[in-house]
Amino acid sequence: MAALTPQAFAKDYENGMKFIDRKDYIKAAESLKKAAEHGHVEAQFYLAGMYADGQGIKKDYQQAMHWYRKVADQGFAEAQFNLGVMYYKGQGVEQDYEQAVHWYNKAVEKGDALAQYTLGIMYEKGQGVTQDYKQAVSWFSKAAEQGIAQAQYKLGVMYEEGNGVVQDDEQAALWYGKAAEQGVVHAQFKLGFMYDNGIGVTQDTQQAVFWWNKAAEQGDVEAQNNLGVMYDMGLGVPQDYVEAHKWFNIAGAGGKWFKVAGEWVNNIAGLGDDADIGSGLGVVESFMTPAEIAEAQRRASEWMKKHKK
C-alpha cells in the first residue's frame with residue numbers, strides 16, 4: 001500500500017473545513033482526525049475544538065487537551081490560550097490556576113489579546129498569581145487597545161474605582177464608552193449612570209436615556225427601571241406615562257429607589273416618602289386612563305414576547 005503524501009493530509013483538512021461549512025460535523029470530525037493524526041497543525045487545532053464542544057464527535061475534554069497541547073507546543077497562541085482556559089476550568093485535567101497562567105503567558109508573548117485580558121483577570125483576582133491591580137490594569141490596557149470589549153469595560157471599572165491606577169472618572173467614562181459601543185451591557189448601564197449624574201462627562205439626560213435604552217433592550221433590569229423613571233419624570237425624554245408603565249412592567253419595578261439627575265427618588269419626585277403610594281406601576285397608573293394602561297400592558301407584552309422574558 002502506497003504511503004499517503006502530505007498533500008493527501010492537506011486534502012483531508014480541506015474536506016473537513018468544507019464539511020464544517022456545510023454543518024456536517026460528523027464527516028468534518030472524521031476528515032480532520034485523519035489529517036490531525038498525520039501532523040496537520042490546523043486540523044489538530046480544529047479537532048481539539050470539536051472534542052471540547054462535542055461537535056460531530058463525543059465530547060471529550062481529555063482528547064481536546066491532547067490536541068490543543070500538540071498545537072500549543074508548536075507555538076500557536078490560540079491553542080496556548082485555549083489550553084490555559086481548560087486548566088482554569090479544570091476540563092480534561094485537574095483545575096490548576098498556575099498552569100492556566102503559564103499558558104496565558106505563552107500566548108501573550110505572541111500578542112494574543114484574549115490571553116492579555118484573561119491574564120488581567122487572574123491578576124485582579126489573585127488566581128495563580130499574587131493579586132496585583134497594577135498588573136491587572138497593564139494587561140487590561142493591552143487587550144483594550146486591541147479592541148477586546150470586556151477588557152475595555154474592566155479598564156473602565158479600574159479607573160472608576162481607582163484600583164491599580166489613579167482614580168479618574170473621565171478615563172472610566174472613556175473606556176465604558178468604547179465597551180458600550182461594542183454592546184457590553186454593563187458598560188452601557190454604567191455610561192448611562194455617568195451621563196445622568198455628570199460623572200466624568202457633561203451631564204446629559206438624553207445620553208443617559210440613550211445608553212439605558214441600549215442596556216434595557218439587552219435585559220438589564222436596572223436600566224429598565226431607570227427608563228421607567230425617566231419617562232415618568234420627563235427627564236431626557238418627553239414625559240410619557242405609557243412608556244414609563246411599560247418599562248416598570250418589564251422590569252417588575254416596585255417601590256425601588258433610583259438615582260436620577262443626581263438625586264435619589266422613589267419613582268416619582270415628591271412622592272417618595274409616602275408609604276401608601278406603593279409600586280412604581282401603581283403610582284404611574286394613578287395618572288393614566290384605562291385605555292393608556294391597556295396600551296402600556298400591550299407594549300410590555302410585545303416586548304417580553306420578542307425578548308422571551
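In the predicted model, helix 6 covers residues 97-108 and contains 12 residues, and the distance from its first C-alpha to its last reaches 16 Å, close to the 16 Å expected at 1.5 Å a residue. The N-terminal end of helix 6 is capped by D96, a side-chain oxygen of which lies 3.1 Å from the backbone nitrogen of E98. The buried residues of this helix are A100, V101, W103, Y104, A107 and V108, and the elements that cover these residues include helix 4, helix 5, helix 7 (113-125) and helix 8 (133-145).

Helix 4 can be described in the same terms. The end C-alpha atoms of its 12 residues are 16 Å apart, and this agrees with expectation because 12 residues at 1.5 Å a residue should span 16 Å. D60 serves as the N-terminal cap of helix 4, with a side-chain oxygen 3.1 Å from the backbone nitrogen of Q62. Within helix 4, the residues A64, M65, W67, Y68, V71 and A72 are buried, and what covers them includes helix 2 (25-37), helix 3, helix 5 and helix 6.

Two residues of helix 3, V41 and Q44, illustrate how this element meets other parts of the chain. V41 has a relative accessibility of 13% and therefore counts as buried, the cut-off for burial being under 20%. When residues up to four places away in sequence are set aside, V41 touches V71, Q74 and F76; V71 is itself among the buried residues of helix 4. The C-alpha atoms of V41 and F76 are separated by 9.2 Å, although the two residues are 35 residues apart along the chain. For Q44, the relative accessibility is 4%, so that this residue also counts as buried. A polar atom of the Q44 side chain lies 3.2 Å from the backbone oxygen of A36. With residues up to four places away in sequence again left out, the contacts of Q44 are with A36, G39, W67, K70, V71 and Q74, and W67 and V71 belong to the buried set of helix 4.

The largest pocket has a volume of about 160 Å³, and its lining is formed by G49, A52, D53, Y61, Y68, N82, V85, M86, K89 and Q91. Two or more of these lining residues are given by each of helix 3 (41-53), helix 4 (61-72) and helix 5 (77-89), with helix 5 supplying the largest share, 4 residues. Sorted by class, the lining comprises 5 nonpolar, 3 polar and 2 charged residues. Y68, a lining residue of this pocket, is also one of the buried residues of helix 4.

S138, located in helix 8, is partly exposed, because its relative accessible area is 29% and partly exposed residues fall between the 20% and 50% limits. The C-alpha atoms of S138 and G164 are separated by 8.8 Å, with the two residues 26 residues apart along the chain.

For the protein chain as a whole, 16 helices and 2 strands are present. The chain has 309 residues, of which 45% count as buried. Among contacts with a separation of 6 or more, 47% are accounted for by residues 24 or more positions apart.

Key. Residues numbered from 1 in each chain as written. Predicted model: local features only at pLDDT ≥ 70, side-chain atom pairs only at ≥ 80, totals over all residues. Heavy atoms only, no water. 1 Å grid on protein atoms, 1.4 Å probe; cavity = no way out; pocket = protein on both sides within 12 Å on 5 of 7 lines; lining within 4 Å. Points joined across faces, edges and corners; volume = space filled by probe spheres on them. Nonpolar A, V, L, I, M, F, W, Y, C, P; charged D, E, K, R; others polar. Expected span 1.5 Å × (residues − 1). Buried < 20%, exposed > 50% of the residue type's maximum accessible area, 1.4 Å probe, protein only. Contact = heavy atoms within 4.5 Å. Polar contact = N/O pair within 3.5 Å; in protein donor to acceptor, adjacent residues only side chain to side chain.
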